[in-house]
Amino acid sequence: MTTYETMPFHLETERLILRPWDVSDAAEFSALLSERGNGTPEVERIRTSIEELLAATATTGIALLPVQRRAEGDFIGYCGLIIGRATLEEPEIAYELFRRAHGRGYATEAAGAVLGAAAATGRKRLWSTVGSWNTPSLRVLEKLGFERDHVSMEENGEVVWLTRSLP
């Protein structure tokens, strides 16, 4: 197994700041997850999830990071690397933003910063998995140089697997 550098956990772009989680993010994280349409998770459960994310980050050296708009300072979602359906050697890039933040290029900007952070770890390839119905997310990944690898059927429908080589 190859040893990788730890991913930077504080990233900044022109309009965004990606930073480590804090338990104080729980209420906003819960509100974001409620937009999926499956109810609103209890804030206490989300605090536990944040603690689990922080513990996983300490173990793996990769992170899913909250995304804040620089000027406004508000939490608009998350973006980062996860094991997900992939592996620690070739992790998945994941992102999710509040609907109010869609269509402004924030996902592309945040994911671009995470690509740079992933490359800095020494990794050579990333994965992403997206529901085939999620055209905006597929467009973000295509802008970032991801290419379709294959499609699988899962209980929630068709999932597109994409990959991107890192420099």
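This report describes the fold, surface and two local regions of a predicted model of a single protein chain.

## Overall fold

The chain contains four helices and eight strands. From the N terminus to the C terminus, these elements are arranged as β-β-α-α-β-β-β-α-β-α-β-β.

Among contacts between residues at least 6 apart in sequence, 59% link residues at least 24 apart.

## Dimensions

A compact globule of 167 residues would be expected to have a radius of gyration near 15 Å; the chain has 15 Å, and the two therefore agree. Along the principal axes, the C-alpha atoms occupy a box of roughly 35 × 35 × 30 Å.

## Burial, surface and charge

Of the 167 residues in the chain, 47% are buried. The accessible surface amounts to about 8,700 Å², and carbon and sulfur atoms account for 50% of that area.

The chain carries 18 positive and 24 negative side chains. The centres of these two sets are separated by 5 Å.

## Helix α3

Helix α3 comprises residues 106–120. Its 15 residues, at 1.5 Å a residue, should span 21 Å, and the C-alpha atoms at its ends are 21 Å apart, so the expected and modelled spans agree.

This helix is mostly covered, with 11 of its 15 residues buried. The buried positions of α3 are Y106, A107, T108, E109, A110, A111, A113, V114, L115, A117 and A118. Following α3 is G122, which has a positive phi, near 95 degrees.

## F75 and its surroundings

F75 belongs to strand β4, which covers residues 75–82. The relative accessible area of F75 is 1%; because a residue counts as buried under 20%, F75 is classed as buried.

Leaving aside residues up to four places away in sequence, F75 touches W21, E28, F29, L32, P66, V67, Q68, F98 and R100. These partners of F75 include the aromatic residues W21, F29 and F98, as well as the charged residues E28 and R100.

E89 offers a further point of reference for F75. The two residues are 14 positions apart in sequence, and their C-alpha atoms are 29 Å apart in space.

Technical notes: Residues are numbered from 1 along each chain as its sequence is written. This is a predicted model: local features need pLDDT of at least 70, side-chain atom pairs count only at pLDDT 80 or more; totals for chains, interfaces and linings use all residues. Side-chain values use heavy atoms; hydrogens and water are left out. Helices (H or I, at least four residues) and strands (E, at least two) are DSSP runs, numbered from the N terminus. The radius of gyration is taken over C-alpha atoms; the globule rule is 2.2 Å times the number of residues to the power 0.38. Buried means under 20% relative accessible area, exposed over 50%, partly exposed in between (1.4 Å probe, protein chains only). Contact means heavy atoms within 4.5 Å. Accessible areas come from the Shrake-Rupley method with a 1.4 Å probe; for residues, only the protein chains shown count as cover. Lys and Arg count as positive and Asp and Glu as negative; His and the chain ends are not counted. The place of a charge is taken as NZ of Lys, CZ of Arg, CG of Asp or CD of Glu. The expected span of a helix is 1.5 Å times one less than its number of residues.
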